[in-house]
Amino acid sequence: MKHFNKAMVGLDFSKMDDILVQKVANLTELLGIEKLYFIHVAKDLSVPEELREKYPDLVVPTDETLKAEINALIRSHDFPKNTDIEVIVEEGKPMETVLRWAKIKDTDVLIMGRKEELEGSGSLAKTMAHRAPCSVLFFTEKSPVKTPKKLLVPMDFSDHSVMTLAFADRLAGEIGAEVLGMHVYTIPLGYYKTGKSHAEFDMIMKDLAIKDYKKFLQKHKLPEYNCLFLLKEEGNEGRFIIKVAKENQADMILMGSRGRSASAAVLLGSIAEKLVNVNNEVPTLIFKKKGENMSFLDALMRI
């Protein structure tokens, strides 16, 4: 997928909303978004009877009041005039409600904010990445509002990597963004039984990875971009990717998800999962094949 025609943005009425809306406005045209849904899910819009009796002047925000506030926030930012915008305010469980609406609206990408210092655990955003039936884009709290000029693309040379590199190639052509690939390889545990040293086997595995990259590009008729071939370091692979992104001054990480079926979720591949869980520094777009596993959403729709 090279464009995202329909996008859904999750808002939580925190200070992050203004940051998120500003960044979405900045990249709406570049992402190819034609229809934009802003959604807020309130756990409970009602006020207990006892509280209303004690405080009769208490004003309870209705869904229309909340919609008006969101629309005012949207109007304060410069969205492309041809973008169709709709605001959704619902009451219920945030995750289930957002995912249900993502299916109803046939959303191509779900956009969430990742907080670094602002209040909030970020657990909902991480859960959305795991279970969304579409791609997920995270804008981080402190990243600048700008058009990305350098993209880091971690790849495993799977079909998901094809989507990611094709999208990066479009940005390279349209805005001159620099694309930097990244492939992490490992050395087999029993390498020493071959009589080769660790350094020698490192070179063997790196050469194999380079050959696989060239075969991958040739098979899918993709242009060749500079690619880092890195031996896996000890520790969390997600933190390793963030470290490489920051060392190379990447503005955004583009990564394919390797979805797999489970009883109640659309899960990420292990490395994408680790990246989502720890990353609140570098804006990240996780590509999923749309509707790859709809069992969880189908179950929600029957509730």
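Helices are DSSP runs of at least four residues, numbered from the N terminus. In this predicted model, one such run is helix α6, which spans residues 159-175. Two charged residues of α6, E174 and R170, are 4 residues apart, so about one helical turn separates them. Their side chains meet in a salt bridge, with an N to O distance of 2.8 Å. The two partners differ in accessibility. R170 counts as buried, at 8% relative accessibility. E174 counts as partly exposed, at 49%.

The structure holds 10 salt bridges. Another of them joins D84 and K35, whose closest N and O atoms are 2.9 Å apart. D84 lies in strand β3 (residues 84-91), and K35 lies in strand β2 (residues 35-42). The pair therefore ties together parts that are 49 residues apart in sequence. K35 has a relative accessible area of 16% and is buried, because buried means under 20%. D84 is partly exposed, at 41% relative accessibility.

Strand β3 also contains E86. The side chain of E86 meets that of K105 in a salt bridge (3.3 Å, N to O). K105 lies in the loop between α4 (94-104) and β4 (109-114), so this bridge ties together parts that are 19 residues apart in sequence. K105 counts as buried, at 17% relative accessibility. E86 counts as partly exposed, at 27%. The two bridges do not stand alone: K35, D84, E86 and K105 are linked in a network of salt bridges.

The strands of this network belong to a wider sheet. An open sheet is formed by 10 strands, in the order β3-β2-β1-β4-β5-β12-β9-β6-β7-β8. The pairing is mixed. Strands β3 and β8 (227-231) stand at the edges. Each has a single partner strand, so one side of each is left without a neighbour in the sheet. From one strand to the next, the twist averages 20°.

Strands of a sheet pair through backbone hydrogen bonds, in either a parallel or an antiparallel sense. One parallel pair consists of β4 and strand β5 (residues 135-140), joined over 6 bridges. Here G113 stands opposite F139 in β5.

Helices pack on the sheet as well. Helix α3 (residues 63-75) touches β1 (6-11), β2 and β3. The direction of α3 makes about 145° with that of β3. Helix α6, which holds the E174 and R170 pair, also packs on the sheet. The strands touched by α6 are β6 (150-154), β7 (178-185), β9 (252-256) and β12 (284-287). The direction of α6 makes about 145° with that of β9.

A further lysine, K115, lies in the loop between β4 and α5 (123-131). K115 is buried, with a relative accessible area of 16%. The side chain of K115 makes a polar contact with the side chain of S14, at 3.4 Å.

Terms used
Residues numbered from 1 in each chain as written. Predicted model: local features only at pLDDT ≥ 70, side-chain atom pairs only at ≥ 80, totals over all residues. Heavy atoms only, no water. Salt bridge = Lys/Arg side-chain N within 4 Å of Asp/Glu carboxyl O. Buried < 20%, exposed > 50% of the residue type's maximum accessible area, 1.4 Å probe, protein only. Polar contact = N/O pair within 3.5 Å; in protein donor to acceptor, adjacent residues only side chain to side chain. Pairing = 2+ DSSP bridges. Axes fitted to C-alpha atoms, helices over the stretch in contact; angles between N-to-C directions. Contact = heavy atoms within 4.5 Å.
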